[in-house]
Amino acid sequence: MFETWEELEEAIKGCNKCKLYKTRQNIVFGVGNRNADTMFIGEGPGADEDRQGEPFVGRAGKLMNMAFQAVGLKREEVYIANIVKCRPPSNRNPEEDEATVCINYLRNQVMLVKPKIIVLLGSVALKNILGKEYGITTARGKWIEKKEIKYMPTWHPAALLRDEVKKIDFIKDLKLVLKENV
Ligand code: URA
């Protein structure tokens, strides 16, 4: 574990622990308030994120920003990161070996931020953080508390692009987070 953000970011920039380093343009480290009470965890960078080096800047990210706005949450107030820091080709899910090595960097980010609440965006984040036994359809919208952190699983923002009902759920879940974080 690295004690400073600078050391951690340098380590990820030089990382070649899985095959994803070969095809990345940029690492996507994470963005936002490093002292946030609430952290959002996605899956992995898409094409836009790989190009810009920032999480959730593509279509799904824009929709997430709109949902944030709708409930009065500011993107810069929270910390946003992903399970994997390099883009999986063709937007496939991260493979087990990729997630297993990369999640240590995310754990280091969690250690540095010390959030009270972690919002898990979609199935990949849920299963990698809380365990394979969880399914997003049943887990979403309900608090799960572990080791003094409250987890709120919800839909991945990309799922909202395809399903209006999920947008309503997502907003509901964000409101639960806001209500908890007083
Ligand atoms: N999807 C993710 O899971 N993360 C991003 O950063 C962008 C899209």
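## A walk from helix α5 to the ligand

Just after helix α5 comes glycine 131, with a positive phi near 125 degrees. This is a predicted model, in which local features need pLDDT of at least 70 and side-chain atom pairs count only at pLDDT 80 or more, while totals for chains, interfaces and linings use all residues. Residues are numbered from 1 along each chain as its sequence is written, and side-chain values use heavy atoms, leaving out hydrogens and water. Helices (H or I, at least four residues) and strands (E, at least two) are DSSP runs, numbered from the N terminus.

Let us stay with α5 for a moment. In this helix, residues 123–130, the residues Val124, Ala125, Leu126 and Leu130 are buried; buried means under 20% relative accessible area, exposed means over 50%, and partly exposed lies in between, with a 1.4 Å probe and protein chains only. The cover over the buried residues of α5 includes β2 (38–42), β4, α6, β5 and β6.

Strand β4 (residues 117–121) is a good next stop, and valine 119 lies in it. Valine 119 is buried, at a relative accessible area of 1%. Not counting residues up to four places away in sequence, valine 119 touches Thr38, Met39, Phe40, Ile41, Met152, Thr154 and Val177, where contact means heavy atoms within 4.5 Å. Proline 153 is 34 residues from valine 119 along the chain, yet their C-alpha atoms are separated by 5.8 Å.

From here we can turn to the nonpolar core, a set of buried Ala, Val, Leu, Ile, Met, Phe, Trp, Tyr and Cys residues joined through side-chain atoms within 4.5 Å. The largest such core has 54 residues, of which Met39, Phe40, Phe68, Tyr79, Ile83, Ile118 and Leu120 touch the most other members. Helix α4 gives the most to this core, with eight residues. What does isoleucine 83 contact, leaving aside its neighbours within four places in sequence? The partners are Ile41, Gly42, Glu43, Ala99, Cys102, Ile103, Leu106, Val124, Ala125, Asn128 and Ile129.

Tyr79 also leads us to the aromatic residues. The structure holds three aromatic pairs. One is formed by tryptophan 5 and tyrosine 79, a tilted pair at 5.4 Å centre to centre with 50 degrees between the planes. Rings of Phe, Tyr and Trp (its six-membered ring) pair if their centres lie within 6.5 Å; planes under 30 degrees apart count as stacked, over 60 as edge-to-face and the rest as tilted. This pair links distant parts of the chain, 74 residues apart: tryptophan 5 is in helix α1 (residues 5–13) and tyrosine 79 in strand β3 (residues 79–82). Both tryptophan 5 and tyrosine 79 are buried. Together with Phe29, these two residues form one aromatic cluster.

Now for the ligand. Around the ligand are Gly42, Glu43, Gly44, Glu49, Pro55, Phe56, Asn82 and His156, each with a heavy atom within 4 Å of it. A backbone N or O atom of glutamate 43 lies 2.7 Å from a ligand oxygen atom, and a polar backbone atom of phenylalanine 56 is 2.9 Å from an oxygen atom of the ligand. Histidine 156 uses its side chain, with an N or O atom 2.8 Å from a ligand oxygen. On its own the ligand has 240 Å² of accessible area, and the protein covers 92% of this; such areas come from the Shrake-Rupley method with a 1.4 Å probe, and for residues only the protein chains shown count as cover.

Another polar spot is arginine 140, found in the loop between α6 (136–139) and β5 (144–146). Arginine 140 is buried, with a relative accessible area of 17%. The side chains of arginine 140 and aspartate 173 are joined by a polar contact of 2.8 Å, meaning a pair of N or O atoms within 3.5 Å; within protein, one must be able to donate a hydrogen and the other to accept it, and residues adjacent in sequence count only if both atoms are side-chain atoms.

Finally, two loops deserve a look at their backbone. Most residues other than glycine have a negative phi. Asparagine 91, in the loop between β3 and α4, has a positive phi of about 55 degrees although it is not a glycine. Asparagine 91 is partly exposed at 47% relative accessibility. Glutamate 148 sits in the loop between β5 and β6 (149–154) and has a positive phi of about 65 degrees. With a relative accessible area of 73%, glutamate 148 is exposed.
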